[in-house]
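Visitor: I would like a close look at one part of this structure, the largest pocket, along with whatever surrounds the elements that line it. Please take it slowly and keep to what can be read from the model.

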Amino acid sequence: MSVLVLILAVSAACCLGFGFVLQQNAARQAPLSDFLSPRLLLDLVKVPRWLGGIGLMVAGMVLGAIALGQGEVSLVEPLLATNLLFALALSRKQTKQPLGRQGWAGLALLAGGVTAFIVAGEPRGGTAVTDPFRHWLIIGAMIGLALLLTTYAKRSRLSSGPVLLALAAGLLYGVQDALTRVSGQRFSEGGLAELLTGWQPYAVLVLGVTGLVLVQSAFETAPLRMSLPALTAAQPLAGIVCGVGFLGDRLRTDTAALTWEAVGLAAVVAGIVLLGMHPAMPRGAARSEPARDLQPS
């Protein structure tokens, strides 16, 4: 594994984790009438703390895009999942909660799972699939599942809705990461003209904005511990599916390797859940109370 890819991916995870906490601190004060509406972004853009969180998230996405340009999606995505560690670190500073057994167990599972998956799978590049049907089949399945989750989230927005929205956003972000890599390859091969004549960069923009609305709606209606674990778990899984499915990423497929890859991914998800539900994570506003107007902070 390239040291450069490791540094870029972990730096991206740091920016993303800090950014998510700042965004949720602001979004939890948004009126519920903004739920799943682009108006939510227009309201939040007035809040300096949210803008700071978005700035960190954009920085993380740029660093992640550079990492994706240097390494395989199947390698970078598990490293990006460590953003939850940085989110917990900032949340602990805000809440003064000790890490405790739950925190240490989650940390060990997340770090150990990422390590096990990378060591067992040995992600490496290969020849991308040129069949457009396979591209659209995988991308369509991810987007279709995200739409289905969003539909159900509308019906139960204050119970399971935030988790469903976060899962949907994670799926979209995983596809976005895969298309970001394709866009980078087009730029490397033919420059700006080659990039702008393809549909991928425009899809990256649409997926990014759509995912942002879903994430902020999830942050608005529930504590971070309900939404961030689902988002963090869904994104790398979707990215790995896209990477192996049509980008040409290759993983070891012998029985022992597949077993450890599955164990590693299961440990990553378990660690994400434990860390995301840690008492240090912001609880959010009580949504049974009347929604407060956003105030710059």
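Guide: What follows starts at the largest pocket and then works outward along the helices around it. The model is predicted, and the description should be read with that in mind.

The largest pocket holds about 470 Å³ of space. Its lining is made up of 25 residues, and those nearest the centre are M57, M61, Y173, Q176 and G208. Two or more lining residues come from each of helix 1 (3-27), helix 3 (48-70), helix 8 (161-196), helix 9 (200-221) and helix 10 (224-246). Helix 3 is the largest contributor, with 9 residues. By class, the lining has 16 nonpolar residues, 8 polar ones and 1 charged one.

The second largest pocket has about 280 Å³ of space. There are 13 residues in its lining, with H135, V182, Q185, R186 and Q200 closest to the centre. Helix 7 (132-155) and helix 8 are the elements that give two or more residues to this lining, and helix 8 supplies the largest share, 6 residues. The classes here are 7 nonpolar, 3 polar and 3 charged. Helix 8 thus appears in the lists for the largest pocket and for the second largest pocket.

Next come the annotated spans. An unreviewed UniProt entry lists "transmembrane region" for residues 50-69, 103-121, 133-153, 160-179, 199-219, 226-246 and 258-277. Two of these can be set beside the computed geometry. Residues 133-153 are 100% helix and 0% strand, with 30 Å between the end C-alpha atoms. Residues 226-246 are also 100% helix and 0% strand, and their end C-alpha atoms are 31 Å apart.

Helix 1, one of the elements lining the largest pocket, also takes part in aromatic pairing. The structure has 3 aromatic pairs in total. One of them joins F18 and F86, whose ring centres are 6.2 Å apart with 90° between the planes, an edge-to-face arrangement. F18 is in helix 1 and F86 in helix 5 (residues 83-95), so this pair links distant parts of the chain, 68 residues apart. F18 is partly exposed, at 28% relative accessibility, and F86 is likewise partly exposed, at 22%. Another pair is formed by F20 and F219, with centres 6.2 Å apart and planes at 75°, so this pair is edge-to-face as well. F20 belongs to helix 1 and F219 to helix 9, and the two are 199 residues apart in the chain. Both of these phenylalanines are buried.

Helix 1 and the end of helix 9 can be followed further through contacts in space. N25 is in helix 1 and is buried, at 6% relative accessibility. Its C-alpha atom is 9.5 Å from that of P223, although the two residues are 198 apart in sequence. T221 lies in helix 9 and counts as buried, at 4% relative accessibility. Between the C-alpha atoms of T221 and R28 the separation is 6.5 Å, with their positions 193 residues apart along the chain.

The cysteines can be treated briefly. The whole structure contains 0 disulfides. Why does C15 not form one? The closest cysteine sulfur to that of C15 is in C14, at 5.5 Å, which is too far for a bond, because a disulfide requires the two sulfur atoms to be within 2.5 Å. C15 is buried, with a relative accessible area of 15%. C242 is buried too, with a relative accessible area of 0%.

One backbone detail lies in a loop. E122 has a phi near 45°, a positive value in a residue that is not glycine. The residue sits in the loop between helix 6 (100-121) and helix 7. E122 is partly exposed, with a relative accessibility of 43%.

To return to the starting point, the largest pocket is lined by residues from several helices, with helix 3 giving the most. Of those helices, helix 1 and helix 9 are also joined by the pair of F20 and F219.

Conventions: Residues are numbered from 1 along each chain as its sequence is written. This is a predicted model: local features need pLDDT of at least 70, side-chain atom pairs count only at pLDDT 80 or more; totals for chains, interfaces and linings use all residues. Side-chain values use heavy atoms; hydrogens and water are left out. Buried means under 20% relative accessible area, exposed over 50%, partly exposed in between (1.4 Å probe, protein chains only). UniProt positions are given in the numbering used here, feature names are shortened, and annotations may be inferred rather than shown by experiment. Helices (H or I, at least four residues) and strands (E, at least two) are DSSP runs, numbered from the N terminus. On a 1 Å grid over the protein atoms alone, a cavity is a set of points where a 1.4 Å probe fits but cannot get out, and a pocket is an open set with protein on both sides within 12 Å along at least five of seven lines; lining residues have an atom within 4 Å of a point. Grid points are joined across faces, edges and corners, and a volume is the space filled by probe spheres set on the points. Ala, Val, Leu, Ile, Met, Phe, Trp, Tyr, Cys and Pro count as nonpolar, Asp, Glu, Lys and Arg as charged, and the others, Gly among them, as polar. Rings of Phe, Tyr and Trp (its six-membered ring) pair if their centres lie within 6.5 Å; planes under 30 degrees apart count as stacked, over 60 as edge-to-face and the rest as tilted.
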